[in-house]
Structure formats: C-alpha cells, structure tokens
Amino acid sequence: QVQLAESGGGLVQAGGSLRLSCAASGRTSSGFAMGWFRQAPGKEREFVAAISRIGGSTAYADSVKGRFTIGRDYAKNTVYLQMNSLKPEDTAVYYCAADREKWITSVLGDYDYWGQGTQVTVSS
C-alpha cells in the first residue's frame with residue numbers, strides 16, 4: 001500500500017517553469033520505479049518521465065526532452081518533476097505513479113499506484 005500526493009501545479013506563462021512534487025507515504029517507495037504522466041482534456045493519459053528504482057536512470061517522452069527533469073529524494077520519499085520552458089501544449093493534469101515490478105517503465109499499465117493529480121496550466 002502506497003499513497004502518492006502531487007503538489008506544485010499552477011498557472012504559468014509560456015516559457016516559465018514549475019516544479020512538481022510527489023510525496024509518498026505508506027509502504028516504502030524507495031524500491032519502486034516512479035513516473036509522471038499527464039492528461040489533457042479529451043485526451044488519453046500520456047507518459048512524461050520516469051526514474052528507475054536505483055541509480056537514477058531516467059526516461060522522457062520526446063515532447064519534454066531537454067525541458068523536463070525527473071528526480072527523487074529517497075530520504076524524503078519524494079519524486080520531483082522540474083518543468084522548464086513550458087509551452088501551452090504542456091497544459092494538463094499531471095499524475096505521479098509508482099511501479100513495484102519494473103526497473104523503469106514508460107507504460108501506463110505497469111504502474112500500480114497513482115496520485116490524485118495536480119493541474120498545470122500554461123498560458124500563451
């Protein structure tokens with residue numbers, strides 16, 4: 001049992017930055033791969049970024065490479081998503097997720113636990 005809670009979303013102008021946080025509680029999350037997904041109105045939830053169980057290996061969607069950075073703080077049981085050079089098309093609800101099985105994965109269906117989401121709105 002793992003509980004995830006996102007925070008840090010908000011309204012930002014195009015070209016600006018936001019830092020999202022995902023706090024984990026319950027069973028230890030340090031052994032889980034962690035990921036970020038997003039879902040815009042009328043669209044399917046899509047992969048954004050992931051970080052491996054150990055060692056900090058990362059993966060990113062092509063649409064965010066070079067702009068977003070995922071990281072984690074094991075001591076605080078927290079995963080982060082630093083978002084720079086934001087674009088209006090980044091507007092979505094952002095979700096963090098945890099997977100107990102894979103080393104690292106970008107597949108939505110692999111993830112076992114999900115947060116409630118935090119809204120990110122980028123104005124032009």
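Author: Strands are DSSP runs of type E with at least two residues, numbered from the N terminus. Ser124 is found in the segment after β11. The model is a predicted one.

Reader: Why is Ser124 called exposed?

Author: The cut-off for exposed is over 50% relative accessible area. Ser124 has a relative accessible area of 83%, so Ser124 counts as exposed.

Reader: Which residues does Ser124 touch, not counting residues up to four places away in sequence?

Author: Ser124 touches Ala14 and Pro88. The C-alpha atoms of Ser124 and Val12 are separated by 9.1 Å, with their positions 112 residues apart along the chain.

Reader: What makes the pair Cys22 and Cys96 a disulfide?

Author: The two sulfur atoms must lie within 2.5 Å. In this pair the S to S distance is 1.9 Å, so the pair meets the rule. The count by this rule comes to one disulfide. The link is right-handed, with 55° about the S-S bond. It links distant parts of the chain: Cys22 is in strand β3 (residues 18-26) and Cys96 in strand β9 (residues 92-99), 74 residues apart.

Reader: How do you know that Cys22 is buried, and that Cys96 is buried?

Author: Buried requires a relative accessible area under 20%. Cys22 has 1% and Cys96 has 0%, so both names fit the definition.

Reader: What makes a set of residues the largest nonpolar core, and how many residues has it?

Author: Members must be buried, must belong to a list of residue types that includes Leu, Met, Trp and Tyr, and must be joined through side-chain atoms within 4.5 Å. The largest nonpolar core has 34 residues. Leu4, Trp36, Leu81, Met83 and Tyr94 have the most contacts inside it. At least two residues of this core come from each of β1 (2-7), β3, β4 (33-39), β5 (46-51), β7 (68-73), β8 (78-83), β9 and β11 (118-123). In soluble globular proteins, nonpolar side chains tend to be buried together.

Reader: Which residues is Leu4 in contact with, leaving aside its neighbours within four places in sequence?

Author: Among them are Cys22 and Cys96, along with Met34, Tyr113 and Trp114.

Reader: What makes Arg38 and Glu46 a salt bridge?

Author: A side-chain nitrogen of Lys or Arg has to lie within 4 Å of a carboxyl oxygen of Asp or Glu. The closest N and O atoms of Arg38 and Glu46 are 2.7 Å apart, so the pair qualifies. Asp90 also forms a salt bridge with Arg38, with closest N and O atoms 2.9 Å apart. Asp90 lies in the loop between β8 and β9 and Arg38 in strand β4, so this pair ties together parts that are 52 residues apart in sequence.

Reader: How many salt bridges does the count come to, and which residues are joined into one network?

Author: The count comes to six salt bridges. One of them is formed by Asp62 and Lys65, at 3.1 Å from N to O. Salt bridges that share partners join Arg38, Glu46, Arg67 and Asp90 into one network.

Reader: Buried or exposed: what is Arg38, and what is Asp62?

Author: Arg38 is at 5% relative accessibility, under the 20% cut-off, so it counts as buried. Asp62 is at 65%, over the 50% cut-off, so it counts as exposed. Asp90 has a relative accessible area of 1% and is buried, whereas Glu46, at 33%, is partly exposed.

Reader: Why is Arg53 said to have no salt bridge?

Author: The nearest side chain of opposite charge, Asp99, is 4.4 Å away. The salt bridge rule asks for a distance within 4 Å, so Asp99 does not qualify as a partner. Arg53 is buried and lies in the loop between β5 and β6 (58-60). A polar atom of the Arg53 side chain lies 2.3 Å from the backbone oxygen of Arg100. For the backbone oxygen of Lys102 the distance to a polar atom of that side chain is 2.7 Å.

Reader: Why is Lys87 called partly exposed?

Author: Its relative accessible area of 34% is neither under 20% nor over 50%, so it falls in between. Lys87 is in the loop between β8 and β9. Leaving aside neighbours within four places in sequence, Lys87 is in contact with Arg67 and Val122.

Reader: What is the phi of Asn77, and of Ser85?

Author: Asn77 has a positive phi of about 50° although it is not a glycine; Asn77 is in the loop between β7 and β8. Ser85, also not a glycine, has a positive phi of about 50° and lies in the loop between β8 and β9.

Key
Residues are numbered from 1 along each chain as its sequence is written. This is a predicted model: local features need pLDDT of at least 70, side-chain atom pairs count only at pLDDT 80 or more; totals for chains, interfaces and linings use all residues. Side-chain values use heavy atoms; hydrogens and water are left out. Helices (H or I, at least four residues) and strands (E, at least two) are DSSP runs, numbered from the N terminus. Buried means under 20% relative accessible area, exposed over 50%, partly exposed in between (1.4 Å probe, protein chains only). Contact means heavy atoms within 4.5 Å. Lys and Arg count as positive and Asp and Glu as negative; His and the chain ends are not counted. A polar contact is a pair of N or O atoms within 3.5 Å; within protein, one must be able to donate a hydrogen and the other to accept it, and residues adjacent in sequence count only if both atoms are side-chain atoms.
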